[in-house]
Amino acid sequence: MQEIRDAILAEELDALAGLDVPDHYRGVTVHADEVEMFAGIPTREKDPRKSLHLDEVPTPELGPGEAIVAVMASAINYNTVWTSIFEPMPTFTFLRRYGRTSELAKRHDLPYHVVGSDLAGVVLRTGPGVTRWKPGDRVVAHCLSVELESPDGHDDTMLDPEQRIWGFETNFGGLAELALVKANQLLPKPAHLTWEEAACPGLVNSTAYRQLVSRHGAGMKQGDTVLIWGASGGLGSYATQYALNGGAIPVCVVSSPQKAEICRRMGAELIIDRSAEGYRFWKDERTPDPQEWKRFGARIRELTDGEDPDIVFEHPGRETFGASVYVTRRGGTIVTCASTSGYEHTYDNRYLWMNLKRIVGSHFANYRESYEANRLIDKGFIHPTLSKVYPLAETGQAALDVHSNSHQGKVGVLALAPREGLGVTDPEKRERHLEAINRFRGV
């Protein structure tokens with residue numbers, strides 16, 4: 001592994017094809033024999049530092065259409081948090097189900113799960129049938145894993161019945177020194193970004209693109225008013241950028257003055273600090289408060305000169321969904337994913353059906369959408385929202401930051417990269433975008 005690291009750091013990428021792939025590597029795992037460790041503990045009190053382990057694991061066999069990547073950096077997503085607290089179910093259920101589909105898929109059904117759905121790194125090996133990528137290529141990976149043996153996925157690959165999220169519903173993810181991916185997950189690494197910056201947009205950037213911009217999501221157009229929950233967070237920070245970049249009018253909902261300031265740095269002007277204004281959309285655990293929905297809607301109209309949102313970018317779920325349905329304009333769209341505050345949504349259907357609103361479910365992105373989202377990063381129209389970086393050995397703390405919502409933007413993790421700031425091959429482009437790249441750093 002040290003030889004691989006040294007070759008990459010020395011920019012001797014042509015030498016990688018001649019180096020042996022190690023038979024073991026370090027990866028961040030959860031263990032099947034620990035899935036009950038948080039039994040009876042409230043969700044918010046479950047600590048990822050106790051369940052995420054840094055283990056030496058065997059390198060998986062390389063199959064047709066696959067690649068092994070030397071991971072320089074990765075990042076934390078909510079799916080790693082869910083994996084680490086074994087909610088809503090242990091991911092070993094996914095691995096067992098996948099393992100039953102083929103002999104090749106059996107590799108994924110193990111008593112440990114190497115997690116992580118983002119990476120930036122360098123291709124080490126490609127399997128039979130791979131022609132687009134070769135050892136030494138600098139890459140990032142999107143997290144869509146599909147088989148495409150069914151006709152269902154050939155109009156939109158997200159509809160493939162064997163669609164999975166790599167590193168969450170498959171094994172050998174990106175929070176590790178090596179990762180196993182399907183070659184059609186790979187995309188060119190933006191040359192102006194460091195390894196840790198390039199690793200952080202993947203999942204959330206593609207998710208926001210499909211959810212907000214794509215015809216499969218809200219199909220945002222110029223002039224649309226877009227309400228964005230958690231507008232400075234891992235997902236919302238990209239939605240805010242897409243709204244601004246696409247000529248829409250974002251209304252950013254945040255939970256602190258610091259997060260409001262980040263939205264202003266991105267160029268947003270209409271901001272609601274829900275903590276400062278005291279919004280409480282539930283009277284108690286079981287009873288929503290429609291009066292708070294109405295107060296919230298009135299506040300939005302104050303900011304927008306009387307306009308209701310054309311689109312509500314929903315991902316908190318249970319806590320906010322009733323308010324989202326209420327405030328959306330007549331004929332507007334609530335586009336939803338993730339449900340980080342709970343999956344069981346409560347809303348008053350009268351506000352949906354009588355006002356001809358629609359709810360659109362959105363999940364990650366297909367290959368084309370991921371490519372377009374990455375292209376916009378490469379062009380400098382959308383920027384990473386990296387705020388903090390941890391070493392691989394402290395992945396548990398990084399996941400806790402996200403679980404407790406004490407982070408801004410994205411939290412990165414260094415794998416083979418020995419320090420931050422490495423991997424830039426186009427310093428001139430970087431200099432042009434440096435202020436935007438660093439907007440979230442140290443906040």
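In this predicted model, helices α3 and α13 are roughly perpendicular to each other, because angles from 65 to 115 degrees count as such and their axes cross at roughly 105 degrees. The two axes come within 9 Å, with α3 spanning residues 78–85 and α13 spanning residues 395–403. From α3, the contact draws on Tyr78, Val81 and Ile85, while α13 contributes Ala399, Val402 and His403. By class, five of the residues in this contact are nonpolar and one is polar, with no charged residue taking part.

Helix α3 also turns up in the pockets of the model, and the largest pocket is a good place to begin. This pocket holds about 1,100 Å³ of space. Its lining is made up of 45 residues, and the closest to its centre are Tyr78, His315, Pro316, Ala338 and Thr340. Tyr78 thus appears both in the helix contact and in this central group. Two or more lining residues come from each of α3, α6 (202–213) and β12 (249–254). The lining as a whole comprises 20 nonpolar, 18 polar and seven charged residues.

The second largest pocket has a volume of about 260 Å³. Here 13 residues form the lining, and those nearest the centre are Thr43, Glu87, Thr340, Ser341 and Gly342. Thr340 is therefore named in the central group of the largest pocket and in that of the second largest. Helix α3 gives the most to this second lining, supplying four residues. Sorted by class, the lining of the second largest pocket has six polar, five nonpolar and two charged residues.

Methods:
Residues numbered from 1 in each chain as written. Predicted model: local features only at pLDDT ≥ 70, side-chain atom pairs only at ≥ 80, totals over all residues. Heavy atoms only, no water. Axes fitted to C-alpha atoms, helices over the stretch in contact; angles between N-to-C directions. Parallel < 35°, antiparallel > 145°, perpendicular 65-115°, else oblique. Contact = heavy atoms within 4.5 Å. Nonpolar A, V, L, I, M, F, W, Y, C, P; charged D, E, K, R; others polar. 1 Å grid on protein atoms, 1.4 Å probe; cavity = no way out; pocket = protein on both sides within 12 Å on 5 of 7 lines; lining within 4 Å. Points joined across faces, edges and corners; volume = space filled by probe spheres on them.
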